[in-house]
Structures are given as structure tokens and as C-alpha cells.
Amino acid sequence: MLAYIIRRVFQSALVLLVVGLVAFSMFSFVGDPVDNMLGQERTQADIERLRSDLGLDQPFPVQYWRFLEQAVQGNFGLSYRQGRPVSEILMERLPATLELAFVSGVLALLGGIGFGIFTAIRKRGVAANTIMTLSLIGVSLPTFLIGVLLIYLFSVELGWLPSFGRGDVTRIGDWWTTGFLTESGLKALILPAITLGLYQMTLIMRLVRTEMLEVLRSDYIRFARARGLRDRSVHFRHALKNTLVPVITITGLQLGSIIAFAIITETVFQWPGVGLLFINAIQFVDIPVMAAYLMMISVMFVGINLIVDLLYFAIDPRLRVDRSAGKTA
């Protein structure tokens, strides 16, 4: 087990290095930030001085190594646009994104697992078929279109919910802000959370339904029914436990992608999170902000993937048996 953890941690660190290199390489093609930072009356001396101050006159390997060295310490430099530390800007925007991702993740998990179990147990029912038909909306329609449709229905036509912004927030501690404690904050969270979580919920629902149907056709389920066990015990005590084992990997990756897909949702709803910050950074060629955002998303993705792999190894005894058999052979 310890050797497996060490190997997975090493692989995760290698992935982060590669992602950082690719991301940092892409920024050389998005434009020169000096053009946006200096006015029209700039001179060549001003351009050279600013490039020297930003370290842009150094070779690419030197810039990348300096970026990694500072990133490990949590220092991503100064924003070219705002002139403030990037880590400070991220800390201001991160609570909004994490709050949105948390609500969307809970919605996707509860709705996906619940509807998946229901449609598997009542696969010939009218309600189950209706849910499966409606789930095609979440799979087929792009995220931004779902957001626009929700805004049109609940904000423009009905006027029930706000169409943009985060509402009033409450500050907790030095840097954390939350909208859970205000009415306007809760209302502002509903539409973005549904938009962001709907696609993930439908994927999880269909995966749970497929796995559940496969488990219900297995021999030990038939044996459990032959013993006279009630349907509730068969479904939730025996079938569900084995259904969720292969679902964990896909679910973990889908929850990680919620943070990445938040870019589109935050842009549609003007949600003040790190996704919207990244879009604005692209427009102004704010390289430190872009690099910090991509590294942060990469760390989250790799971290979630690592946790999922370890959980899968811990709860599935077949992996441990196979590994032990391999060592013995």
C-alpha cells in the first residue's frame, strides 16, 4: 500500500510539472503584456525597462524555473493588470468558485445517484422513462445555453431569481466570504449551481443506472431474492454497495471538472470567481494570473484523481488481491 501511494504521488508531481510546462509555453503565443501595460506614447527604452522588470527578457527555461520556484512558495508574482500579488487576487475570488462548485457537486451527486437508482429499479415505469428522456437535455445542450435559458425563464420572464452577480456576502475570517448566510446570496447561487451541476448529474445518473442494472442481473442478487429478502434490502444493502465501486472513479473526475467548467458558468452569470478572473486575464494578457489559475486547477484535478485512486484501492479488495498475487508470482 505504501509503495502504491508513493508511486501515485510521484506520478502526480510529474503530471503537474508537465502541465505547468505546457501552460507556461502557451503564454508565449497569447501576446505581449507590455503592449497593454504601456500607453501609446511609450518609447523603446520604456518597453525594454518594463520587460526587464517583469523578467520577460530572460530565456524561457529561466522564466519557467523562476515560476516553479516561486509557485512552490505560493508566490505567483504580480498581476500585470492590477499590480497586486496574484495569490492575493486568487484568495479573493476563490471562495466564490469553491462555494459554487460545492453546491453543484452536491446537486450532481445526490441527484445523479438518486435518479440513477430510481430509474434502474423502476426501469419500465413512466416516471423513470420521463427522467431518462429529460436527462438528454443535460447531456446534449452546452452549458452556456442552459444558463441562458434559465436566465430567460427565471430572471427575465418570471423575475424570481437574479441573472448575474453573487448577491450580498458575509465575511468569515480574514479572507473567506460566503453567500449562504444572506437571502440574496442564496438566490444568486441557484441558477449558476443548476447550470454547472446539471451536466455532471446526468452523466452520474446514467452511469449509476447502467451499473445498477448490471449488478441486479448478477447471480448473488438472484440468490438474495431466492432467500426471501425484501426488495429494499436487496437494492440498498447488496446491489448499491457494489454499484458505487466503479462509479467512484468517474464521479471523482466529474467533480474535478466542475471547477474547470466553472469558467463558462461564471462568464454567463458574471459570477466573481477565479474562472471569470481567468477570462479577464486572457483579454489583458495577464500571464501571472493565467499561469496561477492553470496551476491551481491542475493541482485540484491531480489531487482529486489521487484521492479517488487511493479510495478505489482501499474499498475494492480485488485490487489488493491482484497486487498481492503479482508479488507472489
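This is a chat about a predicted model, covering one threonine, the empty spaces, a helix and some annotated spans.

Colleague: Hi! Let's start with Thr-182. Where is Thr-182 found?

Modeller: Hello! Thr-182 is in the loop that runs between strand E2 (176–178) and helix H8 (183–216).

Colleague: And is Thr-182 buried or exposed?

Modeller: Thr-182 has a relative accessible area of 17%, so it counts as buried, the cut-off being under 20%.

Colleague: What does the side chain of Thr-182 reach?

Modeller: The backbone nitrogen of Gly-185, at 3.1 Å. A polar atom of the Thr-182 side chain also lies 2.5 Å from the backbone oxygen of Asp-168.

Colleague: Which residues does Thr-182 touch, leaving out those up to four places away in sequence?

Modeller: Asp-168, Val-169 and Thr-170. Asp-168 is thus on the contact list, and its backbone oxygen is the atom I just mentioned.

Colleague: Changing topic to empty space. How many cavities of 30 Å³ or more does a search of the whole structure find?

Modeller: One. The space in that largest cavity comes to about 40 Å³.

Colleague: Which residues line the largest cavity?

Modeller: The lining is made of Ser-79, Arg-81, Gln-82, Leu-277, Asn-280, Ala-281, Asp-286 and Val-289. By class, that is three nonpolar, three polar and two charged residues.

Colleague: Which helix gives the most to that lining?

Modeller: Helix H11, residues 274–283, with three residues.

Colleague: Tell me about H11, then. Why is H11 described as largely enclosed by the rest of the structure?

Modeller: Because seven of its ten residues are buried. Those buried residues are Val-274, Gly-275, Leu-276, Leu-277, Phe-278, Asn-280 and Ala-281. You may recognise Leu-277, Asn-280 and Ala-281 from the cavity lining.

Colleague: What comes on either side of H11?

Modeller: Ahead of H11 is a loop that starts from helix H10 (231–269), and Gln-270 is found in that loop. Gln-270 has a positive phi of about 50 degrees although it is not a glycine. After H11 comes Val-285, and its phi is positive too, near 50 degrees.

Colleague: Is Gln-270 buried, partly exposed or exposed?

Modeller: Partly exposed, with a relative accessibility of 43%.

Colleague: Now pockets. What volume does the second largest pocket have?

Modeller: About 230 Å³.

Colleague: And which residues line the second largest pocket?

Modeller: Leu-16, Leu-17, Leu-68, Ala-71, Val-72, Phe-76, Met-295, Met-296, Val-299 and Met-300. Sorted by class, the lining has ten nonpolar residues, no polar residues and no charged residues.

Colleague: Which helices each supply at least two residues of that lining?

Modeller: Helix H1 (2–26), helix H4 (60–72) and helix H12 (287–315). The largest share is four residues, and it comes from H12.

Colleague: Last topic: which residues does the UniProt annotation "transmembrane region" cover?

Modeller: According to the unreviewed UniProt entry, it covers residues 12–30, 100–121, 133–154, 244–271 and 291–315.

Colleague: What does the model show for residues 133–154?

Modeller: That span is 91% helix and 0% strand, and its end C-alpha atoms lie 22 Å apart.

Colleague: How far apart are the end C-alpha atoms of residues 244–271?

Modeller: They lie 33 Å apart, in a span that is 93% helix and 0% strand. Gln-270, which we discussed for its positive phi, has a number that falls in this annotated stretch.

Colleague: Great, thanks for the tour!

Definitions and conventions:
Residues are numbered from 1 along each chain as its sequence is written. This is a predicted model: local features need pLDDT of at least 70, side-chain atom pairs count only at pLDDT 80 or more; totals for chains, interfaces and linings use all residues. Side-chain values use heavy atoms; hydrogens and water are left out. Buried means under 20% relative accessible area, exposed over 50%, partly exposed in between (1.4 Å probe, protein chains only). A polar contact is a pair of N or O atoms within 3.5 Å; within protein, one must be able to donate a hydrogen and the other to accept it, and residues adjacent in sequence count only if both atoms are side-chain atoms. Contact means heavy atoms within 4.5 Å. On a 1 Å grid over the protein atoms alone, a cavity is a set of points where a 1.4 Å probe fits but cannot get out, and a pocket is an open set with protein on both sides within 12 Å along at least five of seven lines; lining residues have an atom within 4 Å of a point. Grid points are joined across faces, edges and corners, and a volume is the space filled by probe spheres set on the points. Ala, Val, Leu, Ile, Met, Phe, Trp, Tyr, Cys and Pro count as nonpolar, Asp, Glu, Lys and Arg as charged, and the others, Gly among them, as polar. UniProt positions are given in the numbering used here, feature names are shortened, and annotations may be inferred rather than shown by experiment.
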